Amino acid sequence: MCKTNLMKLRTDYKDEFVKKHGVKLGLMSCFVKAAVSALQNQPIVNAVIDGDDIIYRDYIDVSVAVGTSKGLVVPVIRDTEGMNFADIEKGINSLAKKATEGALSIDEMAGGTFTISNGGVYGSLISTPIINPPQSAILGMHSIVQRPVVVDGSILARPMMYLALTYDHRLIDGREAVLFLRRIKDVVEDPRRLLLDI
């Protein structure tokens, strides 16, 4: 997945974003927004198996993996479907600070419907993240690396990232998983899609 446009968006608006919202525009909020869009397009990925039933959730609570000196914790940003980039950044910052201080409550780590893990901060190029039960899927982000890509017949260096989706195949078919990943790719490569809802 090429991240040129997303990185340009961050560069173009980083100062105005901080001035207006008091937080930096990071990559994780962009991926949370992309995941929300993909979950809305493929609601089975946000569903859960409960005994013999499939429960479709009408809300999206995203668990975001945060590394601390004592290990990985996964606090939850609730109701992300109604949040903008600034709300998500503030939520991530608040939860990450609490995680670092060891001040997260059990409630702040319980009840997520989907998880995003970013092994790229540790240099991971590709990995297979493990589902956080009872959730049905987890998205793994990896390192951004300059790679050669063909653009209009020319080979150019572009910032590229591999994504991995681990999912419960009892519930989610490969078709839905690929369409989910494709939506994230499309939105990250052209963030204007979020604004226009296309």
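Over residues 4–196 the chain is 39% helix and 24% strand, and the C-alpha atoms at the two ends of this stretch are 19 Å apart. The model is a predicted one, and the span in question is the one that an unreviewed UniProt entry annotates as "domain: 2-oxoacid dehydrogenase acyltransferase catalytic". The points below take up strand 7 and its partners, and then the two pockets that rank highest by volume.

**Strand 7 and its neighbours**

- Strand 7, which spans residues 114–118, is largely enclosed by the rest of the structure, because five of its five residues are buried, that is, under 20% relative accessible area.
- The cover extends to both faces of the strand, with Phe114, Ile116 and Asn118 buried on one side and Thr115 and Ser117 buried on the other.
- Strand 3 (residues 62–64) runs parallel to strand 7 and is joined to it by three bridges, and within this pairing valine 62 stands opposite phenylalanine 114.
- Strand 8 (residues 137–141) also pairs with strand 7 in the parallel sense, here over four bridges, and threonine 115 of strand 7 stands opposite isoleucine 138 of strand 8.

**The largest pocket**

- The largest pocket has a volume of about 510 Å³, and of the 16 residues that line it, Leu9, Tyr13, Leu25, Phe85 and Pro191 are the closest to its centre.
- Helix 1 (4–21) and helix 6 (192–196) each supply at least two residues of this lining, and helix 1 gives the most, with nine residues.
- By residue class, the lining of the largest pocket divides into eight nonpolar, two polar and six charged residues.

**The second largest pocket**

- The second largest pocket has a volume of about 370 Å³ and is lined by 23 residues, of which Met28, Val64, Ala65, Asn118 and Val121 lie nearest its centre.
- Asn118, one of the residues nearest the centre of this pocket, is also one of the buried residues of strand 7.
- At least two lining residues come from each of helix 2 (27–41), strand 4 (66–68), helix 3 (85–101) and strand 7, while helix 3 gives the most to the lining of this pocket, with four residues.
- The lining of the second largest pocket is made up of 13 nonpolar, nine polar and one charged residue, whereas that of the largest pocket includes six charged residues.

Terms used:
Residues numbered from 1 in each chain as written. Predicted model: local features only at pLDDT ≥ 70, side-chain atom pairs only at ≥ 80, totals over all residues. Heavy atoms only, no water. UniProt positions renumbered as here; feature names shortened; annotations may be inferred. Buried < 20%, exposed > 50% of the residue type's maximum accessible area, 1.4 Å probe, protein only. Pairing = 2+ DSSP bridges. 1 Å grid on protein atoms, 1.4 Å probe; cavity = no way out; pocket = protein on both sides within 12 Å on 5 of 7 lines; lining within 4 Å. Points joined across faces, edges and corners; volume = space filled by probe spheres on them. Nonpolar A, V, L, I, M, F, W, Y, C, P; charged D, E, K, R; others polar.
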